[in-house]
Amino acid sequence: MAEEVKPARPPADPNSAKYKLEQIVRKHYREVQEAKERGEKIGWCASNFPQEIFQTLGIKVCYPENQAAAIAARGGGQRLCEIAESEGYSNDICAYARISLAYSKVKEAPEQDMPLPDFVLCCNNICNCMIKWYENLAKTLNIPMIFIDIPFNPDYTVSDAQVEYVKAQFLDAIRQLEEITGKKWSEERFREVMAISNRTSRAWLEATSYCRYKPSPLNGFDLLNHMAVAVCARGTVEAAEAFETLVEEYKKAVAEGSSTFRGEQKHRIMFEGIACWPHLRTTFTALKNRGINMVATIYADAFGFIYDDFDGLIRAYCNVPNAINLELARDRRIKIAKDTGAEGILVHVNRSCKLWSGFMNEMSRQIGETCEIPVTSFDGDQADPRNFSAAQYETRVQALAEIMEANKGGI
Amino acid sequence: MVTLGIDIGSTTSKCALLKDGAEIIATSLYSGGIGTDSPGKALAEVFSSSGYTINEVACSTVTGYGRGSFKGADYQVSELSCHALGGRLIFPKLRTLIDVGGQDAKVILLSESGKMINFLMNDKCAAGTGRFLEVMANVLQLKVGDLEAVAAKSEKPAKISSTCTVFAESEVISQLAGSVPIPDIVAGICESVAARTAALAKRVGVVEQVCMSGGVALNGGVRKALEEALEVEIAFSPLSQLFGAIGAALFAYNKIQAQ
């Protein structure tokens, strides 16, 4: 039997947002590698560490979370998790942490390499496991760790005291980085970076808001790819322009009634939790085959930082989804679910992420009740492929689709 | 009109023939689920015992974990929807269905009109499922079907606290080594399954009438422990293991009616 020949993909349009966004990620890794080769000090950075600091200083960093997701999505998660486990790390620890710690030992991964750091930048507004993870990186690589402590906020608003507490650390982080890298802080450049970051965030949030249209002009899983740029290049003009291009494309798609989601969009859901990167195709295909599009995700908000001034910047970083209490987190999601017309919620109970999954049972129950939509959960992991059952996922998604169908009067 | 339901589970295969969406003409059940020849045997038996032929079937639905690999049915539906439909046919006032099968446990909430409105399933761990009971029965050299009668003789149920099947197995072995009477160990095992299932049910919110389906429903020891844990009466039907197949046949009937 003759082998099936797949048609070659047409080359990407260099003016398209997809192309621009892909190039930004490539450039990001290339630039940090080139900086390292020039002898500059480069860092590894937590995804919600205030990027305005190192953008202003002109310091290149890369992101272990992005790297771990890329490694997991390309099939290397288990190999690196097992290396970490053989070093004595428990398999109960976050798989991003295990992959990153393993990488710091083996120093190469064909799925996604990045240069070793001269310092690490840690911020615990995304999770507290990160503190120990980065401490271990700093200790084993014998490099400094700069840490900004943003405590979990039990209140609905960010207090002035919290702003002062975080601001002092922000200023101290600048001082430490000046000492480590020899680069100098410029207030003028800082104002410029804040303006660019706001521009990028506004474009990112506008692009993601197009999910509200019926049909949505985008396949919700596209956001999972684009998010990498929102994380690693928020303070660059290229990122702002690429997201603005994306907005234009979505605007045009709405006018034309087209979408990057292939096939009929029968159902609209909110996807809650980090993507199950090792099984992205399985998790996506089960949805796509049933005409289910992801139109709502807190990810959009997670990397859209809008602020007017320095205090506002600090407040934005205190307000990221994993640093806020259940009630505020719930209300934000309810707004997203209502704005986008989500008809069901699919919750990834992510073994790696104790923080997110810990409050998810109760939060998703409250969101489901308020929005009067069904909630389904599945077990998985953001990067360790061993914690997922495809058959169980398939059953739950099918049952969710059947409830949504019945809610529309179908059988 | 005759419709057919096929339920291929992880440990058993079941079929049901339904007349006009109401009357159960015949059922069949074989040990062995997905990946075995049991689905074929169950299918052959439901026709041989009823006298009907495949050509007389107006519509068919396949459900269960093996639904994706079975070719030839008109529809493929999740076992959650099918158990809900089958349960409601047997118990018309049913609102909460607790299905404990070979490898998972599900709690399904129905609206007053019988529509599935929400559900919750266990995590992928086998504790609290039929597989857990099988492993424990094996350690005690008992048959799964004997567990109920043995548990009834218990005076002081042992505490089986592990949530992991493997750990629970070593816990049972320790109890045996400590000369704990077997009926007390078996009652403890039933209570352990009931406790995990009750926690799941409470998260969904239990609304009466409640019934159990799946193979574990046949175990009166687990049913009794679950009734005590949830403080509700749990309706039982000897057809409980066939709710999925019956519901699948009813789904097929409803589809024809809707056309």
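**Exercise 1. Which residue in β2(B) does G5(B) stand opposite?**

Solution. The model is predicted. Start with the two strands. Strand β1 of chain B covers residues 2-8, and strand β2 of chain B covers residues 12-19. They pair in the antiparallel sense, over seven bridges. Now find the partner: G5(B) stands opposite A16(B).

Next, see what packs here. Helix α1 of chain B, residues 38-50, packs on the sheet. Helix α1 touches β1, β2 and β3 of chain B. Its direction makes about 145° with that of β3(B).

**Exercise 2. Give the strand order of the open sheet in chain B, and name its edge strands.**

Solution. Write down the order: β3-β2-β1-β4-β5. That is five strands, with mixed pairing. Now look for strands that pair on one side only: these are β3 (23-31) and β5 (75-76) of chain B.

Add one more helix. Helix α8 of chain B, residues 243-258, lies across β1, β2, β3, β4 (57-63) and β5 of chain B. Helix α8 runs at about 140° to β1(B).

**Exercise 3. Describe the fold of chain A in overall terms, and test its radius of gyration against that of a compact globule.**

Solution. Count the elements: chain A has 16 helices and eight strands. Take the extent: the C-alpha atoms fill a box of roughly 65 × 55 × 45 Å along the principal axes. Now test the radius. A compact globule of 411 residues would have a radius of gyration near 22 Å. Chain A has 21 Å, so the two agree.

Check the interior: buried residues make up 50% of the 411 residues. Then check the contacts with a separation of 6 or more. Residues 24 or more positions apart account for 79% of them.

**Exercise 4. Work out how α4(A) and α5(A) are oriented to each other.**

Solution. Locate the helices: α4 of chain A spans residues 77-86 and α5 of chain A spans residues 95-106. Their axes come within 8 Å and cross at roughly 75°. This angle lies in the range 65 to 115, so α4(A) is roughly perpendicular to α5(A).

Now list who touches. From α4(A), the residues include L80(A) and I83(A); from α5(A), they include I99(A) and L101(A). By class, the contact has ten nonpolar, one polar and two charged residues.

**Exercise 5. Break down the contact between chains A and B from the side of chain A.**

Solution. Count first: 15 residues come from chain A and 19 residues from chain B. Then assign elements. On the side of chain A, β8 (375-380) and α16 (390-407) each give two or more residues. The largest share, nine residues, comes from α16(A). Finally, sort the residues of this side by class: seven nonpolar, five polar and three charged.

Conventions. Residues are numbered from 1 along each chain as its sequence is written. Chains are lettered from A and ligands numbered from 1 in the order in which they are written. This is a predicted model: local features need pLDDT of at least 70, side-chain atom pairs count only at pLDDT 80 or more; totals for chains, interfaces and linings use all residues. Helices (H or I, at least four residues) and strands (E, at least two) are DSSP runs, numbered from the N terminus. The radius of gyration is taken over C-alpha atoms; the globule rule is 2.2 Å times the number of residues to the power 0.38. A residue is buried if 20 or more other C-beta atoms lie within 10 Å of its own, exposed if 12 or fewer, and partly exposed in between; C-beta atoms are placed from the backbone. Two residues are in contact if their C-beta atoms, placed from the backbone, lie within 7 Å. Two strands pair if DSSP finds at least two bridges between them. Axes are lines fitted to C-alpha atoms, for helices over the stretch in contact, and angles run from 0 to 180 degrees between N-to-C directions. Angles under 35 degrees count as roughly parallel, over 145 as roughly antiparallel, 65 to 115 as roughly perpendicular and the rest as oblique. Ala, Val, Leu, Ile, Met, Phe, Trp, Tyr, Cys and Pro count as nonpolar, Asp, Glu, Lys and Arg as charged, and the others, Gly among them, as polar.
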